[in-house]
Amino acid sequence: MPELPEVEVVRRGVADHAVGRTVTSVEVLHPRAVRRQPGGAAELAARLAGRTLVAARRRGKFLWVDLDDGTALLAHLGMSGQLLVQPGDRPDEKHLRVRLRFGDDRSELRFVDQRTFGGLTAVDTADSDGERVPVPVVHIGRDPLDPSFDLEAAVGAYRRRRTELKRALLDQTVVSGIGNIYADEALWRARLHSLRPTARLTRPDVRKVLLAASEVMTEALAQGGTSFDALYVDVHGESGYFERSLAVYGREDEPCPRCGTAIRRSAFMNRSSFWCPTCQRVPRRA
Ligand SMILES: [Zn+2]
C-alpha cells in the first residue's frame, strides 16, 4: 500500500495540474473502479459533470479533490492505483480505468489501476476536527505532517490504549498516514520494539516515535516517496527513490546502519516487521 509520502506526491501533482479545471466528461472503462459508488458509473459521471476541482487534499493515506458544490472526489489508490495527468492524445494505459476530461483540451486526469483494488468515488463531505472532509474520512485522525496535528494529544491517546506500539502506529484513527514501512523505520529510529505495550511507554518514548515517523516521512517525501514495484508514481508516472534510504524495512540479514547487527524479520499481521535486535530490545512478556 502506498503510505503518506507516496500519496502526498500524487496530491501535489493533482494540485498543480488538475485543480482549477472543470470536468466536461467522465469515462469509466472498468466497473470495478467505481464499485464504491452506489449508482456506479452513471452516478459518478452525473456528480462530476460541470464541477470545478477546487483543491487537492489529503489526510493520512486518504486523497481527495474538493469540488465547487461542497462535495468531493475521493481517490482510493488501493495496492496499485495511479492518478496520471496525460495529454489527451497519449495512448491509453493498459490498465486505464477512469478518464476525466476537462473543457480546456490541455490534458486529462486518468485513473490507472493494475490490480483494481482502488477506485474513484464522488462523495458528500462532513465536519471532522474542524474541517470538511469526505464522509469516509471523518473517523481518520490527522497525520503527523498536518499543521493542525496535536502531538501531545496523540501521545496521551496512545498511552491510554491497551495494545502494542506498532499496532497503535498502524491504527489510522488516532494518527493517520503511518503504514508498515514507515512504522518500522520510525520504531528503529526511536529504538523501540514493535511489541512494546503502549500503556507502559513513557511520554518521551511515544513522543520520540511519533517525531521519528514525522521525520522519516518528511525525508521520504523529499525523495518522491518509496517505490517497491514501480507502481507508486507521481502524476507523470515517475517513481520516488527513498527505498535506498530505508534503514531496516526490507533489509533482513543486512547490517543495522547504527550498530552492525543483522536486521531481523518477524511475522506481523500477515506482513513483516523488520527490526534490529540490539537497538530495539524485545519487551519482557507480562
Ligand atoms: Zn542496531
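This passage describes an annotated domain, a pocket, the cavities and the aromatic contacts of a predicted model.

The UniProt record, an unreviewed entry, lists residues 2–118 under the heading "domain: Formamidopyrimidine-DNA glycosylase catalytic". Across this stretch the chain is 20% helix and 37% strand, and the C-alpha atoms at its two ends are 11 Å apart. Strand E3 contains Val65, a residue whose relative accessible area is 8%, and because values under 20% count as buried, Val65 is classed as buried. The C-alpha atom of Val65 is separated by 9.4 Å from that of Ala122, although the two residues are 57 residues apart along the chain.

The second largest pocket has a computed volume of about 260 Å³. Its lining is made up of 13 residues, and those nearest the pocket centre are Met1, Lys61, Phe62, Leu77 and Gly78. At least two lining residues are supplied by each of two strands, E3 (62–67) and E4 (72–76), and it is E4 that provides the largest share of this lining, with three residues. In terms of residue class, the lining of the second largest pocket comprises eight nonpolar, three polar and two charged residues.

Enclosed space was also examined, and the structure holds four cavities of 30 Å³ or more. The largest cavity encloses about 50 Å³ of space and is lined by 10 residues, with Val10, Leu77, Gly81, Tyr232 and Val233 lying nearest its centre. Leu77 is thus named among the residues nearest the centre of the second largest pocket and also among those nearest the centre of the largest cavity. Helix H1 (4–17) and strand E5 (81–86) each contribute at least two residues to the cavity lining, and the greatest contribution, three residues, is that of E5. The lining of the largest cavity divides by class into seven nonpolar residues, two polar residues and one charged residue.

Turning to aromatic contacts, a search of the whole structure finds two aromatic pairs. One of them is formed by Tyr182 and Phe242, whose ring centres are 6.3 Å apart and whose planes meet at 40°, an arrangement classed as tilted. This pair links distant parts of the chain, with Tyr182 in helix H5 (residues 180–190) and Phe242, 60 residues away, in the loop between helix H6 (203–222) and strand E11 (264–268). Tyr182 and Phe242 are both buried. The other pair, Tyr249 with Phe274, is edge-to-face, with a centre-to-centre distance of 5.1 Å and an angle of 70° between the planes. Here too distant parts of the chain are linked, since Tyr249 belongs to the loop between H6 and E11 whereas Phe274 belongs to strand E12 (residues 271–275), the two residues being 25 residues apart. Tyr249 is buried, as is Phe274. The loop between H6 and E11 therefore holds a member of each pair, namely Phe242 and Tyr249.

Charged side chains are also placed over aromatic rings in the model. Lys166 lies over the face of Phe268, at a distance of 4.5 Å from the ring centre. In a further contact, the ring of Trp188 has the charged end of Arg258 sitting over it, 4.0 Å from the centre of that ring.

Note on methods
Residues are numbered from 1 along each chain as its sequence is written. This is a predicted model: local features need pLDDT of at least 70, side-chain atom pairs count only at pLDDT 80 or more; totals for chains, interfaces and linings use all residues. Side-chain values use heavy atoms; hydrogens and water are left out. UniProt positions are given in the numbering used here, feature names are shortened, and annotations may be inferred rather than shown by experiment. Helices (H or I, at least four residues) and strands (E, at least two) are DSSP runs, numbered from the N terminus. On a 1 Å grid over the protein atoms alone, a cavity is a set of points where a 1.4 Å probe fits but cannot get out, and a pocket is an open set with protein on both sides within 12 Å along at least five of seven lines; lining residues have an atom within 4 Å of a point. Grid points are joined across faces, edges and corners, and a volume is the space filled by probe spheres set on the points. Ala, Val, Leu, Ile, Met, Phe, Trp, Tyr, Cys and Pro count as nonpolar, Asp, Glu, Lys and Arg as charged, and the others, Gly among them, as polar. Rings of Phe, Tyr and Trp (its six-membered ring) pair if their centres lie within 6.5 Å; planes under 30 degrees apart count as stacked, over 60 as edge-to-face and the rest as tilted. Buried means under 20% relative accessible area, exposed over 50%, partly exposed in between (1.4 Å probe, protein chains only). A charge sits over a ring if NZ of Lys or CZ of Arg is within 6 Å of the ring centre and within 35 degrees of the ring normal.
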